Amino acid sequence: MFVSGVPRRELPKTDAGTRRLALPSAVGREVERHLAEFGLTGDDLLFADSRTGTTPTITVRRRVWNNARRDAGVDCTFHDLRHHAGTLTASADASIRESMARLGHASPRAALRYQHAAEHRDVEVASSIDRLIPGSA
């Protein structure tokens, strides 16, 4: 991002956006591969504008995302990934507070906006309820 022509890093919208996050092992392996491939260490941005080394502008992010999804044959928006992450987090039995921490949300309302019902979870929830009703299992 540029302010008055000077490149700078863009900070998250809220303090909740700055956090340490445990990654699923499959994602962690890809992040490690990316870091090694681009020689990134320390305070380097995981994804940066290759021309400036700063936070990519929306135009750069959109161009890179559109190229990547076209190459992968995927039809979704970049923001759809947040919704998917929120749904996976809820499906992994995270509490609202845990979802807020993982997704960097400052309010339960924001965290709930990114959680969607998953069909397979409905069967798991019904099964869990069965275990709570004496004599039903």
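Biologist: Let's start with phenylalanine 78: what is its relative accessible area, and is it buried or exposed?

Modeller: This is a predicted model, in which local features need pLDDT of at least 70 and side-chain atom pairs count only at pLDDT 80 or more, while totals for chains, interfaces and linings use all residues. Residues are numbered from 1 along each chain as its sequence is written, and side-chain values use heavy atoms, with hydrogens and water left out. Buried means under 20% relative accessible area, exposed over 50% and partly exposed in between, with a 1.4 Å probe and protein chains only. Phenylalanine 78 has a relative accessible area of 53%, so the label is exposed.

Biologist: How are the rings of tryptophan 65 and phenylalanine 78 arranged, and what kind of pair is it?

Modeller: Rings of Phe, Tyr and Trp (its six-membered ring) pair if their centres lie within 6.5 Å; planes under 30 degrees apart count as stacked, over 60 as edge-to-face and the rest as tilted. By this rule the count comes to 1 aromatic pair. The centres of tryptophan 65 and phenylalanine 78 are 5.3 Å apart and the planes meet at 80°, so the pair is edge-to-face.

Biologist: Which helices does that pair link?

Modeller: Helices here are DSSP runs (H or I, at least four residues), numbered from the N terminus. The two rings are 13 residues apart and link distant parts of the chain. Tryptophan 65 is buried at 17%. It sits in helix H2 (residues 58-72), and phenylalanine 78 belongs to helix H3.

Biologist: At what angle do helix H3 and helix H4 pack?

Modeller: Two packed helices are described by the angle between their axes and the distance between the axes. The axes are lines fitted to C-alpha atoms over the stretch in contact, and angles run from 0 to 180 degrees between N-to-C directions. For H3 (residues 78-91) and H4 (residues 96-103), the axes are 10 Å apart and the angle is about 145°.

Biologist: And which residues of H4 make the contact?

Modeller: Contact means heavy atoms within 4.5 Å. H3 contributes Arg82, Ala85, Gly86 and Thr89. The partners from H4 are Ser99, Arg102 and Leu103.

Biologist: Still in H3, which residues is threonine 87 in contact with, leaving aside its neighbours within four places in sequence?

Modeller: Threonine 87 has its place in helix H3. At 15% relative accessibility, threonine 87 counts as buried. Its contacts beyond those neighbours are Tyr114, Gln115, His116 and Ala118.

Biologist: Now for charges: how many salt bridges does the structure hold?

Modeller: A salt bridge is a side-chain nitrogen of Lys or Arg within 4 Å of a carboxyl oxygen of Asp or Glu. One of them joins arginine 69 to aspartate 75 at 3.6 Å. The total is 5.

Biologist: Which residue does arginine 51 meet in a salt bridge?

Modeller: Arginine 51 is exposed, at 63%. The partner counts as buried, because aspartate 49 has 3% relative accessibility. The N to O distance is 2.8 Å, and the partner is aspartate 49.

Biologist: Last one, a friendly finish: which residues are linked with Arg33 in a network of salt bridges?

Modeller: Arginine 33 and glutamate 30 lie 3 residues apart in helix H1 (residues 25-38), about one turn of the helix. Their closest N and O atoms are 3.1 Å apart. Arginine 33 is partly exposed at 43%, and glutamate 30 is partly exposed at 45%. The network links Arg33 with Glu30 and Glu37.

Notes
Helices (H or I, at least four residues) and strands (E, at least two) are DSSP runs, numbered from the N terminus.
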